Amino acid sequence: MSVFPKISLRHEVEKYLKEGFVNKEVVSAFGKQEAERKFETLLNRLSHPPSFTTVRVNTHLASVQHVKDLLFDELQKQFNGLNVPILQHPDLQDVLLIPVIGPRKNIKKQHCEAIVGAQCGNAVLRGAHVYVPGIVSASKFMKAGDVISIYSDIKGKCKKGAKEFDGTKVFLGNGISELSRKEIFSGVPELKGIGIRMTEPIYLSPSFDNVLPSYLFLQNLPSAVVAHVLDPQPGEKILDLCAAPGGKTTHIAALMHDQGEVIALDKISKKVEKIKQNALLLGLNSIKAFCFDGTKALKLDMVKDAEGKPPFLPDSFDRILLDAPCSGMGQRPNMACSWTLKEVTSYPPLQRKLFTVAVELLKPGGVLVYSTCTISLAENEEQVAWALRTFPYLQLQPQEPQIGGEGMMGAGLSLEQLKQLQRFDPSVVPLRDTDIDSLRDARIEDMIWLANKDCIGFFIAKFVKCKST
């Protein structure tokens, strides 16, 4: 059941996305009404969290069963003995799934309120507590220890430090304040910890703040599929062209049993430090992270660089992952996006630049995986069609495992080509309420099916380079 309004987008952005979904090919195959219904359904799904929390086990340091047992004990503590199942994914053996309980309807709204920013609100809906920087406003007399209701300011209209707010706000649940209003808005920059501890969230998900940090990586299900599709082998040289924060980089290294070389690039130094921290935390030594702009990663002179630093010579890598910068329109939950059309449409040219570099850096016979966490035709299927036209020696490959649906019509790709793509589209399943009783009666196969479908919006394409450029 829908408890939140559909994602709020600028009119021109919604129109642009709709044109991609209600395109001639789709209308010809399914009719305009069905195409429009599917698009509206998708916008509604994006404002709600997925049905499962997904974590990837660091198999480099521990067995899946051992981590599953440790996680079960942790959830028992967090949920006060509530018996929430943990499922191992049958096609992604290193992935564990935890059902999200909700929406819970009998939570009593409190007189004392706190308003949080939209990003903070999205994190709360996926199990996070409220950290001080996310708090925008709080009731006048709020003290530490008060039970308060938390609301998300989805349109960003609440003024920092306000004592009340009558604008558009969405109820997220109740929590206990760790600090008084005065302390929260004291202007002390060091205040970065938990400001409100969630006790009755509308969607009950586990908090993974400092939970088994060397063993677990919180990752959306399609993101965990990507490294399996790339299928890295021990001893290979792999490039992760846009790597931060390092979830897929560390996954690649773990699948290679930490044998070989994984080069991770990102142009923002803080993000590169995060990749290095994650590699260290997870005990992975095959990762080398560099602060470098991926669009400049191709070495133009042919003098060999012995240091192994970017830029690199053509034909240097066995496999390349291009998890491209994108508009991020598939992320969930996301109740509002204030991006302009100019911002949304700025990504395809950048993606093509990066793709061109990736093709040059890939060895003949090598594998290139392109992925995004967005839903637009222009950043997904249209990029595949462009790549096949521009680089005739690239061939689309079937993907293993195939968990998402096939690609969307509209870019001129054949039905056979669309079947080789993976588009994760949460509009294919109805929103449903999950409680402990329904979980007790559910079949494991049905829960896995739901986890595969009701996830974030995502896209994966796999290519092989047939001969030298």
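Biologist: What is the handedness of the crossing in which helix 11 passes helix 12?

Modeller: This is a predicted model, in which local features need pLDDT of at least 70 and side-chain atom pairs count only at pLDDT 80 or more, while totals for chains, interfaces and linings use all residues. Residues are numbered from 1 along each chain as its sequence is written, and side-chain values use heavy atoms, with hydrogens and water left out. Helices (H or I, at least four residues) and strands (E, at least two) are DSSP runs, numbered from the N terminus. A crossing is left-handed if the near helix is turned anticlockwise from the far one by less than a right angle, and right-handed if clockwise; that of helix 11 past helix 12 is right-handed.

Biologist: At what angle do helix 11 and helix 12 pack?

Modeller: Axes are lines fitted to C-alpha atoms, for helices over the stretch in contact, and angles run from 0 to 180 degrees between N-to-C directions. Helix 11 covers residues 347-361 and helix 12 covers residues 381-390; their axes are 11 Å apart, and the packing angle is about 40°.

Biologist: How is helix 11 therefore placed relative to helix 12?

Modeller: Angles under 35 degrees count as roughly parallel, over 145 as roughly antiparallel, 65 to 115 as roughly perpendicular and the rest as oblique. The packing angle of about 40° makes helix 11, relative to helix 12, oblique.

Biologist: Which residues of helix 12 make the contact with helix 11?

Modeller: Contact means heavy atoms within 4.5 Å. From helix 11, the contact draws on P348, Q351, R352, F355 and T356. The partners from helix 12 are E382, Q383, W386 and A387.

Biologist: How many residues of that contact of helix 11 with helix 12 are nonpolar?

Modeller: Ala, Val, Leu, Ile, Met, Phe, Trp, Tyr, Cys and Pro count as nonpolar, Asp, Glu, Lys and Arg as charged, and the others, Gly among them, as polar. Three residues of the contact are polar and two are charged. The number of nonpolar residues is four.

Biologist: How many charged residues does the contact of helix 1 with helix 3 have?

Modeller: The axes of helix 1 (residues 11-21) and helix 3 (residues 32-46) come within 9 Å and cross at roughly 130°, so the two helices are oblique to each other. E14, L17, K18 and F21 in helix 1 meet A35, E36, F39, E40, L42 and L43 in helix 3. By class, this contact has six nonpolar residues, no polar ones, and a number of charged ones equal to four.

Biologist: How many residues of helix 7 are buried?

Modeller: Buried means under 20% relative accessible area, exposed over 50%, and partly exposed in between (1.4 Å probe, protein chains only). Helix 7 (residues 221-230) is mostly covered, and among its buried residues are L221, H228 and L230. The count of buried residues is 10 of 10.

Biologist: Which residue just after helix 7 takes a positive phi?

Modeller: Positive phi also occurs at H257, which is not a glycine, with a value of about 60°; H257 is found in the loop between helix 8 (247-255) and strand 13 (261-266). Just after helix 7, the residue with a positive phi of about 60° is D231.

Biologist: How far is the sulfur of C120 from the closest cysteine sulfur?

Modeller: A disulfide is a pair of cysteine sulfur atoms within 2.5 Å, and the structure holds zero disulfides. C120 is buried, with a relative accessible area of 15%. The closest cysteine sulfur to that of C120 is in C158, too far for a bond, at 13 Å.

Biologist: What is the relative accessible area of D153?

Modeller: D153 is found in strand 8 (residues 147-153). Not counting residues up to four places away in sequence, D153 touches I115, V116, A118, C158, F165 and T168. D153 is buried, at a relative accessible area of 4%.

Biologist: Which residue does a cis peptide bond join to P310?

Modeller: One cis peptide bond joins E400 and P401, with omega about 0°, and P401 has its place in the loop between strand 18 and helix 13. Another involves P310, again with omega about 0°. Its partner lies in the loop between strand 14 (287-291) and strand 15 (317-323) and is P311.
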